[in-house]
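Thank you for asking for a note on this structure. The points below are numbered so that they can be taken up one by one.

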Amino acid sequence: MRAGKSDGLVAELVDAVDSKSTGLAHLGSTPSEATIAIDTTLSGRIKRSDFDFDLPPGLIAQTPLPRRSASRLLLLDGARATWQDRRMDELPGLLAAGDLLVFNDTRVLPARMPARKLSGGRIELLLERPLEGARALVQLRDSKSVRPGMSLQTSGGLVRLLARRAPFWEVELPAEAVAFFEAHGLVPLPPYIARAAEPLDRERYQSLLARVPGAVAAPTASLHFDAALLTALAAHGIERSVITLHVGAGTFQPVRSESLEDHVMHSERYEVGAATVAAIARARAAGRRVVAVGTTVARALESAATASGPALAPARADTTLFILPGYRFQVIDALLTNFHLPQSTLLMLVAAFAGRQQVLAAYAHAVRERYRFFSYGDAMLVFPQASARTRGIL
């Protein structure tokens with residue numbers, strides 16, 4: 001084990017990744033009122049630059065490993081400010097019988113759609129959210145000179161622009177949105193993967209537990225689980241349950257304001273069912289841990305706890321919860337997650353759980369040891385700093 005030393009300098013590292021790889025400007029947030037969980041007792045306000053780190057572009061994973069569970073795993077103990085270099089296939093031995101892994105069972109849609117204006121100009125649609133019938137909210141890339149009433153030609157037929165719903169467009173499709181994109185869309189690889197989608201991505205940019213179509217980006221922590229690892233976890237007595245949170249294009253939205261109180265968090269749909277609430281209650285009653293597989297699971301469970309009051313209850317809603325250091329987690333005891341973009345809201349959530357200095361120091365170690373970053377990269381298993389947890393909602 002190696003101690004993670006936080007000397008105050010890590011947060012001052014200069015970002016080596018330009019704005020195109022830390023979240024493309026054309027990917028925005030849905031207009032909504034953000035819920036900001038922030039510690040107002042800190043000296044001064046938390047700033048975007050407090051979550052910067054130096055990342056050589058060569059560490060951004062461009063392809064998946066041949067085997068899902070072959071990834072490296074950085075074990076971070078936020079309470080002790082220590083870390084260990086482990087492997088993903090060691091996870092069963094790092095948990096205990098009765099611990100509960102909670103996965104996100106959202107299924108990624110082939111949400112990219114090349115199109116042409118009838119005048120000939122190229123344009124691309126990126127699905128944000130299916131609406132009723134044959135309507136949808138989409139992002140338009142290279143959307144100059146477009147207006148309501150205009151039609152775009154796609155391989156599946158004409159798409160008509162109905163109205164601007166900033167930063168999205170409401171469109172009418174030739175068919176129901178999920179069926180249309182499933183038939184004609186392309187895999188929506190993140191903007192920092194600098195290659196075209198390949199047939200392999202149809203399988204690998206999708207969790208084995210994906211069931212409910214609706215996401216436009218993968219809940220990437222779950223990509224590390226293959227059949228062999230799931231079998232090994234079950235053999236160790238580790239339980240499994242699911243929530244659904246449909247990841248939207250806003251997950252790649254950069255934080256543009258230095259003051260985080262000015263950031264409007266993107267909205268995402270989630271559902272926490274009665275079976276998962278019951279599984280969490282059983283784990284708690286037995287003194288076992290609830291492990292969120294990914295920040296999307298953490299966000300869904302914490303949103304449900306916030307919405308339900310003194311006791312966790314089933315919930316189905318949209319969430320704009322923005323978790324920053326100072327937040328007290330009500331549900332989760334551990335977090336399995338990938339490495340995240342500098343200055344991103346996902347990195348801020350992890351920092352709220354394990355401590356900003358501890359997380360940034362661990363990231364600096366991961367850079368030195370050449371871990372693979374982002375969607376197809378390696379993973380972390382994170383245990384919280386003492387001040388991050390609040391017991392008693394169950």
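1. In this predicted model, contacts that link distant parts of the sequence stand out: among the contacts in the chain with a separation of 6 or more, 77% are between residues 24 or more positions apart.

2. As for the chain as a whole, it has 394 residues, of which 57% count as buried, and it contains 8 helices and 20 strands. The area that the chain exposes is about 15800 Å², and 51% of this is supplied by carbon and sulfur atoms.

3. The largest nonpolar core holds 77 residues, and those that touch the most other members are Tyr205, Leu301, Phe329, Ile332, Leu335 and Phe373. Helix 7 is the element that gives the most to this core, contributing 8 residues. Another core lies apart from it and is made up of 25 residues, including Leu109, Leu126, Leu140 and Leu173. As a general background, nonpolar side chains in soluble globular proteins tend to be buried together.

4. Helix 7, which spans residues 345-354, deserves a point of its own, since 9 of its 10 residues are buried and the helix is mostly covered. The buried residues are Thr345, Leu347, Met348, Leu349, Val350, Ala351, Ala352, Phe353 and Ala354. Their cover includes two other helices, helix 6 (295-308) and helix 8 (356-368), together with strand 3 (72-77), strand 18 (321-323), strand 19 (334-338) and strand 20 (379-383). Just after helix 7 comes glycine 355, which takes a positive phi of about 100°.

5. Isoleucine 332, one of the core residues that touch the most other members, can be followed through its neighbours. When residues up to four places away in sequence are not counted, isoleucine 332 touches Val290, Ala292, Ala298, Leu301 and Phe353, and also Arg284, Glu302 and Arg389. Phe353 in this list is among the buried residues of helix 7, while Val290 and Ala292 lie on one side of strand 16.

6. Which residues of strand 16 are buried on its two faces? Strand 16 (residues 290-293) is covered on both: Val290 and Ala292 are buried on one side, and Val291 and Val293 are buried on the other.

7. Strand 16 also has paired neighbours, and here the partners can be named. Strand 5 (residues 100-104) runs parallel to strand 16 and is joined to it by 3 bridges, with leucine 100 having valine 290 as its bridge partner. Strand 19 likewise pairs with strand 16 in the parallel sense, over 3 bridges, and in this pairing leucine 336 of strand 19 stands opposite valine 293.

Key. Residues are numbered from 1 along each chain as its sequence is written. This is a predicted model: local features need pLDDT of at least 70, side-chain atom pairs count only at pLDDT 80 or more; totals for chains, interfaces and linings use all residues. Side-chain values use heavy atoms; hydrogens and water are left out. Buried means under 20% relative accessible area, exposed over 50%, partly exposed in between (1.4 Å probe, protein chains only). Helices (H or I, at least four residues) and strands (E, at least two) are DSSP runs, numbered from the N terminus. Contact means heavy atoms within 4.5 Å. Accessible areas come from the Shrake-Rupley method with a 1.4 Å probe; for residues, only the protein chains shown count as cover. A nonpolar core is a set of buried Ala, Val, Leu, Ile, Met, Phe, Trp, Tyr and Cys residues joined through side-chain atoms within 4.5 Å. Two strands pair if DSSP finds at least two bridges between them.
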